[in-house]
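Colleague: Please take a close look at the ligand site in this model. I would like the contacts, the distances and the pocket.

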Amino acid sequence: MHPALARLARPEYPRSSTYDPEWLTASDMGPNPLWLLEDLAKDLDLRPGMRVLDLGSGKGATSVFLAREFGVQVWAADLWVSPEDVLPTLERFDVTSSVTPIKAEAHALPFATGFFDVIVCIDAFEYFGTADTYLPYLVRFLRPEGQLAIATPALRRDPRELGGIPAHIRECVRWEALSWHPADWWRFHWETTELVTVTAARMQESGWQDWLTWAEVGDALRGESDGLSVTMLRADAGELLTFALVTARKVG
Ligand SMILES: C[S@@+](CC[C@H](N)C(=O)[O-])C[C@H]1O[C@@H](n2cnc3c(N)ncnc32)[C@H](O)[C@@H]1O
């Protein structure tokens, strides 16, 4: 095992630390999705048998985690990654009977109204979820009192308030950081619809350090130094960059 992988075993994330770091880093599509989900789940009530939509599930790591750690039934919906490419992961973790991978676009979801108890979205909502009309669309798939939870990259001050995207962030992700809103932005955006009650909206305290650790490990595995993400995060020094963890319940 590459020595850098030892940095991924973290006492703050006891459940995530039980997963093979070689497998996890090979599924890399962004910051460690298991750390984000493990933290976000503290603000959720997940019970065995619940129907959970993992929206923007990528290569399936979070869907495996949801099924194994909480005993829920998961629909793993993603646009860029095909179900055939997720299947080997589901087989490896013996969760083919509890995770259903689906190719789906977030604005055209193939589910029945009120079908889900919970919708979880890890590091994906920023790609499709900021339009004023999106939350009203998405919550139709939740039952009354159903829960919505996102973990999404965030700036501690909104890009609009900053007057633009700071140079060290723009150099890495360009305009994409326009959707990296702080937790309070999401709270207002969601609560104003009166369709949900926000149950928690926090900026992840460990988010910048976690993201940097993950990016440094990725660089070490690739034999690189100072990749784009590491450069951005070091320049930021934890001033702006972290994650917004936001959870809500659909009004009954
Ligand atoms: C950064 S990856 C994160 C994947 C996974 N949640 C994780 O954390 O490893 C973002 C994911 O969002 C998905 N995505 C982006 N736009 C989407 C859309 N319009 N509909 C559905 N999924 C989308 C992509 O397919 C991609 O897998």
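Modeller: Here is the ligand site, with two further residues after it. This is a predicted model, in which local features need pLDDT of at least 70, side-chain atom pairs count only at pLDDT 80 or more, and totals for chains, interfaces and linings use all residues. Residues are numbered from 1 along each chain as its sequence is written, and side-chain values use heavy atoms, with hydrogens and water left out.

The ligand is surrounded by 16 residues (a residue is near if one of its heavy atoms lies within 4 Å). The closest are G56, D78, E105, A106 and I122. Start with E105. One of its polar side-chain atoms lies 2.5 Å from a ligand nitrogen. From the backbone, a polar atom of A106 is 2.9 Å from a nitrogen atom of the ligand. For I122, a polar backbone atom is 2.7 Å from a ligand nitrogen. Taken alone, the ligand exposes 590 Å², and the protein buries 96% of that (Shrake-Rupley method, 1.4 Å probe).

Now the two further residues. D210 is found in helix α10, residues 207–222 (a DSSP run of H or I, at least four residues). D210 is buried at 5% relative accessible area (buried means under 20%, with a 1.4 Å probe and protein chains only). Beyond four places in sequence, D210 touches R10, Y13, W35 and Q204 (contact means heavy atoms within 4.5 Å). S16 is in the segment before α1 (21–26). S16 is buried too, at 4%. Leaving aside neighbours within four places, S16 is in contact with L34, W35, E38 and F65.

Terms used
Helices (H or I, at least four residues) and strands (E, at least two) are DSSP runs, numbered from the N terminus. Buried means under 20% relative accessible area, exposed over 50%, partly exposed in between (1.4 Å probe, protein chains only). A polar contact is a pair of N or O atoms within 3.5 Å; within protein, one must be able to donate a hydrogen and the other to accept it, and residues adjacent in sequence count only if both atoms are side-chain atoms.
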